[in-house]
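This note sets out, point by point, what a new reader may wish to look at first. Please read it with the structure open alongside.

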Amino acid sequence: METMKRLLIIIFISLTAFALYLAIGNQTIFSNSFNKEFSADEFLDPTFIDLKDALWITDEKKLPEHDSLFYLDNPAPIFRKTFRSKNDIKKATLYITAAGYYEATINGERIGKNMLDPAWTDYSKRVYVAEYDITSQINKDKNCLGVTLGNGFYNPLPLKKWGRRNLRVDLAKVDKPTFIAKLVLKYKNGDRDEIITNDTWKYSYGPIIKNSVYIGVAYNAQQEIKDWNKPNFKDDLWSKSIICEAPGGRVQKSFFPPVQITDKITPISINSLENGGYIVDMGVNLTGTYNIKLFGKKGDTIVFRFGERIYDNGTLNPMTTVIGQIKKKGIGGPGAPEVAWQTDSYIIGDNTESIFQPKFTYHTYRYMEILGLRQKPEIKDIVGLALNTNVKDYNSFNCSSDLLNSIQKASKRTFVSNLVSVQSDCPAREKFGYGGDLNAISESYINNYDMQTFYRKTVYDWVDAMNDSTFVDTAPYTGVKYCGISWESAFLTTQYNMYLYYNDTAIIKELYDLDNAWMEKVGRIHPEGLVKSGLSDHGSQEPVPLELTGTAHYLQCAEIMETFANVMNDKEQASKYRALANKLRELIKNEFWDKPISEKINRQTLFSTLLYHNIVPAKALEAAKDSLHNALNNGPSGHLNTGIFGTKYMLETVSKHISPTKIYNIANSTEYPGWGFMIDRGATTIWETWKESDNIFSNCHPMLASISEWFYRWLGGIQPNSEYPGFKRFILSPSTPEGLDFVNTKYKSPYGTIVSNWKREASGAYKYDFVIPEKSMAQVKLPISTSQEIKIYKKDIELESKNIEGLETGRFNLQAGTYTIFLLPKL
């Protein structure tokens with residue numbers, strides 16, 4: 001009886017705990033103060049990883065006392081732990097993470113495919129743990145776990161970017177790399193063993209003598225230790241690992257895609273240089289690393305440099321990828337290179353034929369310069385390895401225009417090149433997760449990739465980066481804080497896009513209190529409403545007042561918070577934010593619509609911002625459209641001259657209020673300025689500026705790539721409906737501009753894959769093929785004229801027009817199914 005009572009009590013407690021978990025969700029509850037958190041009990045948190053008894057370990061070497069000493073050789077530590085396993089293993093699971101980077105092996109074999117792991121975070125706030133099933137790699141008797149540590153963003157060089165930004169000062173937590181791990185062995189008979197990190201692990205130093213996530217890696221093959229990570233290696237002379245303090249952050253299970261090798265690129269040419277070196281052309285600009293077969297004599301030093309461009313004489317131009325614009329002596333601080341270009345080196349050891357693939361760094365390059373080889377390498381000996389967070393690309397766009405297809409390919413290559421655990425603005429010079437780019441480009445990413453879990457990680461990065469009193473520009477925080485609300489508001493707009501595209505209400509419920517606290521902070525910083533500090537339409541070719549774009553982002557945030565309050569059924573807050581939005585809309589209208597503007601201003605950004613944010617009164621809408629049209633026509637070549645935000649606004653408002661054909665004609669042109677201009681000059685990724693740069697601005701920068709979102713929204717016509725988030729209902733409104741013969745578009749929604757294809761027939765007819773997923777509905781808008789008739793088929797069966805309300809007007813709803821629709825000339 002007592003046993004039964006205890007069992008019932010256990011069941012009751014378990015059910016109560018489970019109900020509590022369902023009530024709170026997978027949430028962290030924040031106080032109204034930023035960076036202060038408390039959570040539900042760990043056993044209720046599915047992200048909690050039980051690393052009980054495992055310890056953070058590192059090596060004994062101390063950090064340099066002076067900045068200049070960080071640039072000397074600093075070999076990466078290697079760790080090993082032998083253990084015995086019993087027969088009949090059921091499952092072997094390794095949990096491992098680091099502050100910095102790690103690479104793990106079991107019996108000499110690499111574990112998993114993850115690279116540059118763990119993802120960059122504020123290590124004092126949270127650290128993500130990877131989980132690997134290594135059952136098939138475990139020997140029945142003796143085994144060895146091996147771990148190599150890299151510096152990553154936990155132990156950066158004291159490079160003073162732009163002469164002032166030093167990550168060793170700006171990051172919340174820096175120190176020597178350290179790691180923690182637990183291997184759980186479960187046997188078929190029910191027994192269990194655990195191998196944990198502690199001071200029984202041994203360590204030494206390997207052949208990686210320098211590693212910087214920015215500059216690169218130096219590898220000395222003469223210092224390789226053969227079979228160091230295999231079971232029978234004698235480690236008597238190795239040192240005992242040092243137990244150290246944890247970096248401080250909550251250890252959580254990783255829930256987003258890891259960084260992996262996602263593409264392998266074969267060079268298109270290798271050319272000899274007058275100095276005895278070689279230039280390798282990968283054919284495309286990429287972010288990642290490489291694998292190369294090297295030949296030489298013991299002691300030969302091979303040096304690699306990287307760049308996006310070459311000079312007219314065929315030599316490397318590395319200047320658009322120089323780290324932090326450190327381009328002359330003294331800028332980077334004591335010990336820093338005079339020019340902080342991306343560089344690797346390899347010293348040949350006993351094996352005069354060897355393979356080199358740098359770890360713990362990533363480069364952005366199309367061209368690789370190689371010095372020190374005794375013979376010309378062959379194309380088959382070199383492979384470019386693209387590295388990025390391995391988000392799924394279920395979605396696709398292509399059309400009859402080769403130029404538009406090239407722009408789309410360049411945009412996607414730019415997107416993934418800037419997706420190495422954070423969404424960066426440029427993957428070489430800074431590598432920072434800037435909020436402005438998120439505001440401008442996150443919908444472009446979402447239209448191309450499944451970004452839900454990545455953006456959840458991004459939002460948490462912002463939670464960890466923000467403070468009570470000022471705005472910051474990047475997450476993780478890197479010391480930059482001058483851009484203002486248009487950058488930090490990415491914390492809120494990213495949540496909204498997760499809601500709009502994925503119906504992710506969990507993130508709203510989890511962070512609602514913090515969202516409200518953030519809006520209170522905005523009110524304290526901008527009590528009058530007009531935003532007067534920060535950065536405006538970065539990259540615009542003409543001035544744009546900060547009061548315009550900054551206040552527009554404040555307005556956008558107020559509208560988002562009204563939506564969030566309604567999700568939370570918080571009527572009082574919804575009313576408050578509605579009033580705030582009305583106030584801000586009126587302020588912008590008074591300042592930028594009611595008053596004449598005499599000073600020089602980018603009128604494209606001006607009128608597109610007013611229209612995008614619905615600031616123009618209904619009675620003045622036609623006048624605003626005319627002003628927008630005039631601003632476009634007065635642009636260089638009748639093209640866009642806008643920056644980071646104005647470009648997105650122009651693409652949308654010109655298409656909505658004038659014609660998508662206008663944008664198509666710009667996109668399909670090679671005249672300056674434009675995306676086609678970039679492609680015509682050999683670009684394989686999107687530039688940071690409309691103008692070509694060979695010395696300063698990145699050739700791989702996503703902020704102007706919002707054209708990719710336009711391809712999906714206006715040519716494919718697939719648009720979310722804010723009244724029905726997550727594509728429960730969505731809009732299908734494809735555009736058919738003259739000069740374009742077909743478009744094929746796919747987008748994977750939470751309900752399934754949406755297909756929107758159209759083709760111009762020789763007879764002048766248009767054929768549309770639509771797929772609407774189960775349990776969703778499309779609101780179709782087709783451009784039908786009085787000289788056309790419409791026919792619709794569902795799985796080859798013609799449907800009665802009288803059964804589809806509005807069909808003959810081109811405005812009608814379609815339930816789930818596969819449809820073919822024809823717009824035919826009337827006979």
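1. Strands, as named below, are DSSP runs of E with at least two residues, numbered from the N terminus. The model under review is predicted. In these terms the chain holds 16 helices and 40 strands.

2. On overall form, the chain has 827 residues and a radius of gyration of 29 Å, which agrees with the value near 28 Å that a compact globule of that length would have. The C-alpha trace spans about 90 × 90 × 60 Å along its principal axes.

3. On packing, 59% of the 827 residues count as buried. Contacts between residues at least 6 apart in sequence were also examined, and 75% of them join residues at least 24 apart. The accessible surface comes to about 33800 Å², and carbon and sulfur atoms account for 48% of that surface.

4. The second largest pocket deserves attention. Its space amounts to about 880 Å³. The lining consists of 33 residues, and those closest to the centre of the pocket are Pro207, Tyr219, Glu224, Trp228 and Lys359.

5. Which strands supply at least two residues each to the lining of the second largest pocket? They are strand S6 (101-106), strand S7 (109-110), strand S16 (217-220) and strand S27 (353-356). The largest share comes from S27, with four residues.

6. The lining of this second largest pocket is mixed in class: 14 residues are nonpolar, 10 are polar and nine are charged.

7. Enclosed spaces form a separate topic. The count comes to five cavities of 30 Å³ or more. The largest cavity has about 100 Å³ of space. Of the 13 residues that line the largest cavity, Arg110, Met115, Leu116, Lys359 and Phe360 are the closest to its centre. Lys359 is thus among the residues closest to the centre of the second largest pocket and also among those closest to the centre of the largest cavity.

8. By class, the largest cavity is lined by six nonpolar, three polar and four charged residues.

9. The second largest cavity has about 60 Å³ of space. Its lining is made up of Lys293, Phe295, Leu373, Gln375, Lys376, Pro377, Glu378 and Asp381. Three of these lining residues are nonpolar, one is polar and four are charged.

Methods: Residues numbered from 1 in each chain as written. Predicted model: local features only at pLDDT ≥ 70, side-chain atom pairs only at ≥ 80, totals over all residues. Heavy atoms only, no water. 1 Å grid on protein atoms, 1.4 Å probe; cavity = no way out; pocket = protein on both sides within 12 Å on 5 of 7 lines; lining within 4 Å. Points joined across faces, edges and corners; volume = space filled by probe spheres on them. Nonpolar A, V, L, I, M, F, W, Y, C, P; charged D, E, K, R; others polar. Rg over C-alpha atoms; globule rule 2.2 N^0.38 Å. Buried < 20%, exposed > 50% of the residue type's maximum accessible area, 1.4 Å probe, protein only. Contact = heavy atoms within 4.5 Å. Areas by Shrake-Rupley, 256 points an atom, 1.4 Å probe, with all protein chains shown as cover.
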